[in-house]
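The following report describes selected features of a predicted model. Please read it alongside the sequence and coordinates.

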Amino acid sequence: MINAGNRLLAGALFALSCGALWAAPAPAAVTGHYAEMASAMYADTVVSAERLQTAVEQLLAEPGAATLEAARAAWVEARRIYPQTEALRFGNPVVDEWEGKVNAWPLDEGLIDYVDPGYSVASDQNPLHSANVIANPRLNVGARMIDASTITPDLLENELHQVGQIEANVATGYHAIEFLLWGQDLNGTGPGAGARPWTDFAQDDRCTNDNCDRRAAYLRAATELLVSDLRWMAGEWEQGGSAREVVTGVAPDTGLAVMLTGLGSLSYGELAGERMKLALLLNDPEEEQDCFSDNTHNSHYYNVVGMEAIYLGRYLRADGSVVAGPSLSALVAARAPALDAEMRERLQASRAAMTALKERAEAGERFDQMIAPGNSAGHAVVQAAIDALTTQTRTIERIVAALELQPIEIEGSDSLDNPEAVFGSDDPAAVFQ
């Protein structure tokens, strides 16, 4: 039987061998390789988005059950790729300021298209809560009128996205496209995803729910804009690009701090907190990230895959090739081998916990069902992943100290740091009753 001490020693020896492979890499080599991985990751997002665009065009050219399913499958594949990039966001203002164009959520879907009558009630917080731009070629926003008679990428990006400076008015990106492909998920915390019929895109008398021509135009424009936005970001990670310069155009220790800020913030405040713990506290499927498609388990899982790739300096590309080079792991192993072994164990634990969540979802109980009130077994699976990510973050903080970097600011979340603030109660456990 292998005890914990022996596992730690084995991990340390393995880490040392990896450190030797890259000959205790210089910090500049580590940040340079990180930029190369980022470039490859975003290039892969472009390829997957272009394939989604092709599938969307096929759907619009030949509306049918098969072409709708193919477009949905292409969207799910694109969501396998993009979440692996998300640890590149935090700490890098070029990426962080852009990210909302492609991945903003949750969204008030009534801004875009028809919704269930129970949803389309005027909201004090968002007067465009159910504006339905697909049905309405003109929208009044205060004293201003938006001409939406022709639906174009420019209209979505510059007129509708977060219109009225309201974050929930998401008009672009993966989740706007997801809504158009699946429609609302009206199942609450029960089984089932959105069930938009293919006839919503039919351009003849089979059209359902009206405005099929404008719905098709919106889907085409949103997909075109997604491809364009991802191409832009891929370019920003090429040589001389502004996102790359944030990491490689500064002192190497500053670049390392950016890397670790990204890993820690995605691990803790964003994934463990905003994407998982908040949904669990509120038992609210509206807090599920991929809420229309019930694909949340995959997006969460591939966030973890991406963090592991960045720390280990080894990214498996969509085409099966591998980008590998001087890594944070090798650098930490050269300076504090036991700490590198610990971090590897933490990454493995996070992957194992998220694998359990993913497998449970694929066996039939999706994330929105796991967080349902009274589902103690589902709650435990979600909480185990949250705990693993939180523990992983504490190790990242120790790595910052071991590398003698300036302290970094890891994003937090009220759901983890101040649960009472989430629902205005002194008894967070009350939400589970």
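## Salt bridges

Across the whole structure of this predicted model, the search returns 24 salt bridges. One of them pairs Arg231 with Glu50, whose closest N and O atoms lie 2.8 Å apart. This pair links distant parts of the chain, since Arg231 belongs to helix H7 (residues 212-236) and Glu50 to helix H2, with a separation of 181 residues. Arg231 has a relative accessibility of 46% and therefore counts as partly exposed. Glu50, at 28% relative accessibility, is likewise classed as partly exposed.

A local pair is found in helix H14 (residues 376-402), where Glu397 and Arg394 are three residues apart, about one turn of the helix. Their salt bridge has its closest N and O atoms 2.8 Å apart. Glu397 is partly exposed, with a relative accessible area of 35%, and Arg394 is partly exposed as well, at 31%. Elsewhere, salt bridges with shared partners connect Asp113, Arg196, Asp200 and Arg215 into one network. Within it, Asp200 and Arg196 form a salt bridge in which the closest N and O atoms are 2.8 Å apart. Both Asp200 and Arg196 are buried. In general terms, side chains of opposite charge can pair when their charged atoms come close.

## Disulfide and cysteines

How many disulfides are counted in the model? The count comes to one disulfide. The bond joins Cys207 to Cys212, with an S to S distance of 2.1 Å, which satisfies the cut-off of 2.5 Å for a pair of cysteine sulfur atoms. The link between Cys207 and Cys212 is right-handed, with an angle of 95° about the S-S bond.

The two partners can also be described by their accessibility. Cys207 has a relative accessible area of 28% and is partly exposed, whereas Cys212 is buried, at 3% relative accessibility. A further cysteine, Cys291, has a relative accessibility of 12% and so counts as buried, because buried means under 20% relative accessible area.

## Helix H3 and its packing

Helix H3 covers residues 65-81, a run of 17 residues. From its first C-alpha to its last, H3 reaches 25 Å, close to the 24 Å expected at 1.5 Å a residue.

The buried residues of H3 are Thr67, Leu68, Ala71, Arg72, Ala74, Trp75, Ala78, Arg79 and Ile81. Which elements do the buried residues of H3 pack against? Their partners are the helices H2 (27-61), H4 (93-103), H6 (174-182) and H10 (296-312), together with strand E3 (314-316). Helix H2, which holds Glu50 of the salt bridge with Arg231, is thus also one of the packing partners of H3.

## The E1–E2 hairpin

Strands E1 and E2 form a hairpin with two residues between them. In the turn, Gly142 has a positive phi of about 65°. The strands run antiparallel, and four bridges join E1 to E2 (residues 144-147). Arg138 of E1 has Asp147 as its bridge partner in E2.

The side chains alternate along E1 (residues 138-141). Leu139 and Val141 point to one face and are buried, while Arg138 and Asn140 point to the other face and are not buried.

Terms used: Residues numbered from 1 in each chain as written. Predicted model: local features only at pLDDT ≥ 70, side-chain atom pairs only at ≥ 80, totals over all residues. Heavy atoms only, no water. Buried < 20%, exposed > 50% of the residue type's maximum accessible area, 1.4 Å probe, protein only. Expected span 1.5 Å × (residues − 1). Contact = heavy atoms within 4.5 Å. Pairing = 2+ DSSP bridges. Salt bridge = Lys/Arg side-chain N within 4 Å of Asp/Glu carboxyl O.
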